[in-house]
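This report describes the internal cavities, the domain layout and selected secondary-structure elements of the structure shown below.

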Amino acid sequence: MKALMSLGALVGVVGLLLLAGMVFDIIPSTTVRLVEGYMPMQMLFEVGCFVLGFTGLSYMLNAVGMGIPRFWQGIGFWVFFLLYIKYRIYPPIPFSVRAMYGTVALVAVLMWLSSNEEDWKKFKQPILNVLDAQTGFNKFLRYVYLVALPILTWGFSYNAMMPKSEEPIELRTVHPAPPASTKVHGKTYVLQTALNPYRVNPEGKYDQEYTNSLIVEQGMGRLMKPNANPWDENATGYLKYVREGGEIFFQNCHFCHGDNLNGRGLHAFAFNPIPANFTDPGTIAQLQETFIFWRVAKGGMGLPNEGFPWASVMPPWEQHLTVDEMWKVILFEYWHTGYYPRTWD
Amino acid sequence: MQKRGTQVASLVVSATAGAILMTVSGTAMVFAQSGIPEGFKKGELAPPPSPEMIEAGKRVYFTKCVWCHGVDGAGDGPAADRLWPRPRNFNQGTFKIRLTASGELPLFDAKKPIPGQNDLFDTVTHGLPGSAMPPWEGILTEEQRLQVLAFVTTQLVKDRSFTDKQSETQTVLNLAELKPKPATEESIKRGAELVVEKKCIECHGVEGRGDGNAFNLKDDWGFSIQPANWHKCWNFRGSRQDPYNVANIFRTFSTGINGTPMPSFADSTTIDERWDIANFVNSLCERDAKGNPLSIDPLTDKPKIDFVIPSNPVEGEIPADIEHEAWKNTPRRYVAMGGQITHKPRNFVNRIDDIWVRSLYNEKSIAYLLEWDDRTKSVAEGKLPWAPTEVNIDIEEQPPVTGEEGSIAAKQNNYPVYNDAIAIETPVKWQELPAPIKPRYLFGTNEQFPVDIVKWEADGSIRAFKGTGWDKDFEERDSYEEYLKVLKSEWKNGRWYVLIERPLGNKKEQDYDEDTFFEVGKYIPTVFFAWDGHNGDAGRKMAVSAFYYTFMNPPIPQETYIYPVLIAFGVVFLEGWVLTRRANKKKGKTL
């Protein structure tokens, strides 16, 4: 038990030092990187680690007789969480969202503190002590609070009322509801039934299982399977179409969506929101191939209102590409990211 | 040496550039005989990578790199013809960003991924900002990056060998042990003198905006190449994602950039002088109002963007002098510009990649001060073949596959010259749009959601248009033009300064149905367009920004002073109540 708790304490201290170092720029802020596409999981994992670390730390401090009172533990953890979501998460999230997380965290802390009567009493005690002001120090504290609270409230409300020019928050639906069918180059495609004509096995039949076995491997780098090189001179069928799709992607799409399909292309920095990151499990991995076909063909202009047409510079690709070219690009995007298109069943 | 001589000779395209280059290659000859230049030390070629690594690297290459660099590494992948700079052709073994002496191969050791000791590894890790080469850190593992380089250096570099001790030497800049000189005023001042003395300004321009000799320079592959703009250090190829680090500039200045007209100054300057120059160049890079480096967005490696352009109120006339205090005190905003790649003709290479915007307003008008770097002042000769209102004009889009000769990189020098221009677009009746709706960023949506466009061109004209869709010709608002004023338009040393004043609108004499009404304290969606005439920009071939907001800072309302005081008193009462309650409760208990 003791060894386990010491380990926890060690993790906690190292984590805190790392975090503080990164926030104050003592060590490079990229020391522990946010892994692309896995940020929420990583955040949860990191906070979990810190909780374990704090538990260990608290145990160790108690063991050497320097335990921190419940009251300060609660407040300390809450403050830690607020600072964590403010400084750790990148890109930064707006204050209103942080306020929501902060409130949830506060409720969680209060629940933890009031989980049994004794703990709750221990938590309340310092507050009541100051209110009752039995000792000289508490008396002094009480006067400090009496004076400081109104002044602080005045300061905060003054600050809040000063006219400010912060960018208004505009939340937008990332994957708006698609139409039942879409008409591209004079032909109507029903999204439920249309199939990518290039997702085929060597017999020329539509075959997800076969094509999925040839896509890029998941894991760092997302490299192609050693025996499935689209650039092999003898590549035929699916792999040849992947290469052709890649050629089209790199002649048209990489300017925004990037060489690694992660939305960091040459022009990406100028746009808001920045272009979609296909390596993120929340984009094409979540969607049917026909949905992508509709989005590619109609672009930002074809978005319904909740998707904010004006916030997208995505071209209606039907202006630039043929239907075949669009299907091939989609084939390539799934190949390169190593994701399976979602199916209807 | 012989080889470099011929390379250099092929570069001599203009008299001035040629003169500098000859001097430098002349001095290079001297150092070959006399030993190692100051700050360098002898290095060893690294041992060759293992065959397993090369094989593994091939897999990385054909997943990630082949798309730009091509099957044979000749820089002719599918993406190449629409890119400028073109992807690197590895075959010659010419690599730009190095710690090794001019003309030498870069440092590469497949077993030593140590930053600052492995040039090619650093390049793959951090990418080459300002080009299409992204940073691969976080995408490829360290191992994978070394593997792919093992493949590139052994299989795709064909004219030279990274292991041939007979033909290759390594003379390495000892950057780790050279301590940067503090960027004192004195050092910067000396640097400023040295860039004149060493003729840096002949290419990089008097203010260092890369506008000297901008279109007469060619690289080893025959493509047009532009001198770096010292004011945008985040676009330095060798910035290693650390653009304000003076050591990067020191390195580039010491070793030169192979394959380009940028020579090494290792033999013609002392270390001390090189630090002075590096400090000066670094001091030119854009900084915030307090003189601190701009914060760089780690996702894009460009300055962080604030989408709100605040406009400060002024009493009386808006000053036309941009040095006026009012202009100095109003915050400026970095507006990022991307190529218009939504509709034909798409602009794959936009030479204008940012604009600095400031704004002031008085009771009648709002003024925008737009400053942007453009290496060339472009004014079309003669009359343009289309009317100012025409949108669907006949400009060719770069075809996807052309081969080197027809590529976008080869065309950079040969575009017909049109007018440099800038435009500000705001929605008409933005107040009446239902909440999430704005007109489309590109020339508005339709008659229902039109936009108000004010466009200035380098021929001195200022025009007002109404836009009703990306493919609809503009409608001219003739009657409005008399209200528009160009308070200043000047091109100086690679930078345009344009100051446009327009009415706030919503006055009786102006038509509210056609013009944007600029209301104080409201977020007015604003888009910027820019055209570089020497890039053949006209019509939809242009650079575009995202939607920004013009926000006219209101005078501080009285409530701001009153309410907080009231709230503070409320808190005092609350405190009294809590204390009394607690005291009563306790009394009750003890009683």
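## Cavities, domains and a buried strand

The largest share of the lining of the largest cavity, 6 residues, is supplied by α3(B). The coordinates belong to a predicted model. Helix α3 of chain B spans 51-69, and together with α4 (119-126) and α5 (142-156) of chain B it belongs to the helices that each supply at least two residues of this lining. The cavity has a volume of about 600 Å³ and is lined by 31 residues. Nearest its centre lie His69(B), Arg88(B), Phe90(B), Leu128(B) and Met133(B).

In total, the structure holds 2 cavities of 30 Å³ or more. The second largest is lined by Pro129(B), Trp234(B), Ser239(B), Gln241(B), Asp242(B), Pro243(B), Ile296(B) and Asp301(B). The two linings are set out by residue class below, along with the volumes.

| Cavity | Volume | Nonpolar | Polar | Charged |
|---|---|---|---|---|
| Largest cavity | about 600 Å³ | 22 residues | 3 residues | 6 residues |
| Second largest cavity | about 40 Å³ | 4 residues | 2 residues | 2 residues |

Helix α4(B), one of the contributors to the lining of the largest cavity, is mostly covered, with 8 of its 8 residues buried. These residues are Asp119(B), Leu120(B), Phe121(B), Asp122(B), Thr123(B), Val124(B), Thr125(B) and His126(B). They pack against α5 of chain B, a helix that also supplies at least two residues of the lining of the largest cavity. After α4(B) comes Gly127(B), which has a positive phi near 75°.

The domain assignment divides chain B into four parts: domain 1 (1-35 + 183-288), domain 2 (39-177), domain 3 (307-380 + 388-552) and domain 4 (559-591). The C-alpha centres of domain 2 and domain 4 of chain B are 71 Å apart. For chain A, the assignment gives domain 1 (2-113), domain 2 (122-161) and domain 3 (181-337). Here the centres of domain 2 and domain 3 of chain A, taken over C-alpha atoms, are separated by 60 Å.

Attention now turns to a strand of chain B. Strand β8 of chain B comprises residues 354-361 and is mostly covered, 8 of its 8 residues being buried. In a regular strand, side chains alternate between the two faces of the sheet. In β8(B), Asp354(B), Trp356(B), Arg358(B) and Leu360(B) point one way, while Ile355(B), Val357(B), Ser359(B) and Tyr361(B) point the other way; all are buried.

Three pairings of β8(B) can be described in turn. Strand β5 (residues 308-313) of chain B runs parallel to β8(B), and 3 bridges join them. Within this pairing, Pro313(B) has Tyr361(B) of β8(B) as its bridge partner. Strand β6 (residues 333-336) of chain B pairs with β8(B) in the antiparallel sense over 4 bridges, and Ala336(B) stands opposite Asp354(B). Strand β9 (residues 365-373) of chain B is also antiparallel to β8(B), with 6 bridges between the two. Leu360(B) stands opposite Ala367(B) of β9(B). With 3 residues between them, β8(B) and β9(B) form a hairpin.

Notes
Residues are numbered from 1 along each chain as its sequence is written. Chains are lettered from A and ligands numbered from 1 in the order in which they are written. This is a predicted model: local features need pLDDT of at least 70, side-chain atom pairs count only at pLDDT 80 or more; totals for chains, interfaces and linings use all residues. Side-chain values use heavy atoms; hydrogens and water are left out. On a 1 Å grid over the protein atoms alone, a cavity is a set of points where a 1.4 Å probe fits but cannot get out, and a pocket is an open set with protein on both sides within 12 Å along at least five of seven lines; lining residues have an atom within 4 Å of a point. Grid points are joined across faces, edges and corners, and a volume is the space filled by probe spheres set on the points. Ala, Val, Leu, Ile, Met, Phe, Trp, Tyr, Cys and Pro count as nonpolar, Asp, Glu, Lys and Arg as charged, and the others, Gly among them, as polar. Domain bounds come from an automatic or database domain assignment. Buried means under 20% relative accessible area, exposed over 50%, partly exposed in between (1.4 Å probe, protein chains only). Contact means heavy atoms within 4.5 Å. Two strands pair if DSSP finds at least two bridges between them.
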